Amino acid sequence: MIGRLNHVAIAVADLAKASTLYRDTLGAVVSAPIGQPDHGVTVVFVTLPNTKIELLAPLGESSPIAKFLERNPDGGMHHICYEVADIRAARDRLQAQGARVLGDGEPRIGAHGKPVLFLHPKDFNGTLVEIEQV
Ligand code: CO
């Protein structure tokens with residue numbers, strides 16, 4: 001059911017420092033920071049030949065990654081995103097298998113303008129999983 005790895009998201013406290021690390025130390029192609037106030041994050045996209053890395057820093061008062069960074073002050077892997085062809089069909093299948101979908105179970109428009117859902121990390125080996133319809 002799941003398809004390509006769309007992105008791996010890494011939460012960081014200092015976006016400029018993380019951008020420098022990826023650009024200069026790792027030699028990757030790194031975008032300018034893009035504020036996404038609806039999602040409570042500022043994002044830097046790192047483009048790799050086969051996938052993307054998203055560096056996420058908190059934006060605003062109630063950022064969804066603020067607590068994560070409190071627990072992980074050095075930053076850390078926040079979630080992994082797999083592509084699916086039909087997000088509602090994917091959700092129904094996952095729920096039928098006992099996986100918990102976060103929120104009200106209705107897909108929301110994610111950071112790339114496409115419908116996304118998040119799956120409970122306790123059901124996926126301690127990893128927050130995002131599925132995105134492409
Ligand atoms: Co994501």
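1. Charge distribution. In this predicted model, the protein chain carries 13 positive and 15 negative charges, and the mean positions of the two sets lie 3 Å apart. The surface that the protein chain exposes comes to about 7700 Å², of which carbon and sulfur atoms supply 53%.

2. Fold and dimensions. Three helices and nine strands make up the secondary structure of the protein chain, and, read from the N terminus, these elements follow the order β-α-β-β-β-β-α-β-α-β-β-β. The protein chain is as compact as a globular protein of its length, because its radius of gyration of 15 Å is close to the 14 Å that the globule rule gives for 134 residues. Taken along the principal axes, the box filled by the C-alpha atoms of the protein chain is roughly 45 × 35 × 25 Å.

3. Packing. Buried residues amount to 41% of the 134 residues of the protein chain, and, among the contacts with a separation of 6 or more, 51% are accounted for by residues 24 or more positions apart.

4. Cobalt site. The cobalt ion has as its protein donors His7 through NE2, His79 through NE2 and Glu130 through OE, at 2.0 to 2.1 Å from the ion; along the chain these donors follow the spacing H-x71-H-x50-E. Distant parts of the chain are linked by the pair His79 and Glu130, which are 51 residues apart, with His79 in strand E6 (residues 76-84) and Glu130 in strand E9 (residues 129-133). Both His79 and Glu130 are buried. For anyone assessing the coordination, it should be kept in mind that water is not among the atoms, so the site may look incomplete.

Methods:
Residues are numbered from 1 along each chain as its sequence is written. This is a predicted model: local features need pLDDT of at least 70, side-chain atom pairs count only at pLDDT 80 or more; totals for chains, interfaces and linings use all residues. Side-chain values use heavy atoms; hydrogens and water are left out. Helices (H or I, at least four residues) and strands (E, at least two) are DSSP runs, numbered from the N terminus. The radius of gyration is taken over C-alpha atoms; the globule rule is 2.2 Å times the number of residues to the power 0.38. Buried means under 20% relative accessible area, exposed over 50%, partly exposed in between (1.4 Å probe, protein chains only). Contact means heavy atoms within 4.5 Å. Accessible areas come from the Shrake-Rupley method with a 1.4 Å probe; for residues, only the protein chains shown count as cover. Lys and Arg count as positive and Asp and Glu as negative; His and the chain ends are not counted. The place of a charge is taken as NZ of Lys, CZ of Arg, CG of Asp or CD of Glu. Donors are N, O and S atoms within 2.8 Å of the metal (3.2 Å for Na, K and Ca); water is not among the atoms, so sites may look incomplete.
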